[in-house]
Amino acid sequence: MAYTFEHLKQQCQQEWDAYIQHDFVRQLGEGRLAPESFRHYLKQDYLFLIQFARAFALAAYKSTTLDDLRHAKAGLSAIVDLELGLHIQYCKEWGISEQELQALPEARATLAYTRYVLDTGNRGDLLDLHVALAPCLVGYGEIANWLNTRAQTLRGEQNPYDAWIGMYESAEFQEAMHAEIDWLNCELADVTPRRFERLGRIFSDATRLEIDFWAMGLELRQ
Ligand SMILES: Cc1ncc(CO)c(N)n1
């Protein structure tokens, strides 16, 4: 049987739904998330993005084909040249200066998640690393789409978090998500059941760590 990305989700459907439909996400969509929670999340997400960039650098190191090398390089450039700049700008609009960002200590949830991804990539191969990254890349795109299906979601000026949803429903992000799913489907097609079981563990671990990232924001955990 050929495995697909869909199977990775199915083998931890409960965790996946708890991540996509988390209270943080619902409250953000309904425009009733506490601003302190959103600010705390934004600050930690800056630290997350720096480690995320390192993960793409690791993906370059783990690449053995020119195509994979180009893919990793494009991901690293997108984060360093584009996403981090946008994030710093967005933080400013929420009253968080670049100076403040640079001095932040990492919350435990940020440490746990990012170092888990880096360790998984270090000890495994490129597929292990991509599976650990998939909840970030695919999850946020799916979250934006899920929010857009909900009648309770507020869009436009009435929601202070509208721009956040806009970022992840954007054509660029949705394309990156689909490219990631295609890459994974291609690689998963010929793995053995034993390998799939190990990959499933990585995927569900990373999903649980994304849930903790939301909880960190919601509960202002350090
Ligand atoms: C924690 C987290 N996961 C995923 C993304 C999407 O890139 C993000 N910015 N932050």
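Which residues have the most contacts inside the largest nonpolar core? Keep that in mind while we get oriented; the model on your screen is a predicted one.

**Stop 1: the whole chain**

Start with a cartoon view of everything. You should see eleven helices and zero strands in the protein chain, so colouring by element from the N terminus gives an unbroken run of α after α. Align the view to the principal axes, and the C-alpha atoms fill a box of roughly 50 × 40 × 30 Å. The radius of gyration is 17 Å, which agrees with the value near 17 Å for a compact globule of 222 residues. If you draw a contact map, look away from the diagonal: of the contacts with a separation of 6 or more, 81% join residues 24 or more positions apart. Colour by burial next, and 32% of the 222 residues count as buried.

**Stop 2: the annotated domain**

Now select residues 10-219. The UniProt annotation, from an unreviewed entry, labels this stretch "domain: Thiaminase-2/PQQC". Across residues 10-219 the chain is 80% helix and 0% strand. Put a distance label between the C-alpha atoms at the two ends of the stretch and you will read 29 Å.

**Stop 3: the nonpolar core**

Back to the opening question: select A55, L133 and F203, the residues with the most contacts inside the largest nonpolar core, which has 49 residues. Add α8 to the selection, as it supplies the largest share of this core, 13 residues.

Centre on A55 and show its surroundings as sticks. Beyond its neighbours within four places in sequence, A55 is in contact with V117, L118, G121, L129 and L133. L133 is thus a partner of A55 and also one of the residues with the most contacts in the core.

Then step along to L58, which lies in helix α4. Is L58 buried or exposed? L58 is buried, because 20 other C-beta atoms lie within 10 Å, and 20 is the count at which a residue qualifies as buried. Leaving out residues up to four places away in sequence, L58 touches L118, G121, N122 and L129. Compare the two lists: L118, G121 and L129 appear beside A55 and beside L58. For a view across the model, draw a line from L58 to T149: they are 91 residues apart in sequence, and their C-alpha atoms are 36 Å apart in space.

**Stop 4: around the ligand**

Select the ligand and bring up D45, F48, C136, Y140, E210 and F213, which surround it. The elements giving two or more residues to this shell are α4 (35-62), α8 (126-149) and α11 (193-218). Colour the shell by residue class and you get four nonpolar, no polar and two charged residues.

From Y140, hop to G166: the pair is 26 residues apart in sequence, with 11 Å between their C-alpha atoms. G166 is found in helix α9 (residues 162-169). G166 counts as exposed because it has 12 other C-beta atoms within 10 Å.

**Stop 5: the end of the chain**

Finish at L220, in the segment after α11. What is phi of this residue? Phi of L220 is near 55 degrees, a positive value in a residue other than glycine. L220 counts as partly exposed, because it has 13 C-beta neighbours inside 10 Å.

Notes:
Residues are numbered from 1 along each chain as its sequence is written. This is a predicted model: local features need pLDDT of at least 70, side-chain atom pairs count only at pLDDT 80 or more; totals for chains, interfaces and linings use all residues. UniProt positions are given in the numbering used here, feature names are shortened, and annotations may be inferred rather than shown by experiment. Helices (H or I, at least four residues) and strands (E, at least two) are DSSP runs, numbered from the N terminus. A residue is near a molecule or strand if its C-beta atom, placed from the backbone, lies within 6 Å of it. Ala, Val, Leu, Ile, Met, Phe, Trp, Tyr, Cys and Pro count as nonpolar, Asp, Glu, Lys and Arg as charged, and the others, Gly among them, as polar. A nonpolar core is a set of buried Ala, Val, Leu, Ile, Met, Phe, Trp, Tyr and Cys residues joined through C-beta atoms within 7 Å. Two residues are in contact if their C-beta atoms, placed from the backbone, lie within 7 Å. The radius of gyration is taken over C-alpha atoms; the globule rule is 2.2 Å times the number of residues to the power 0.38.
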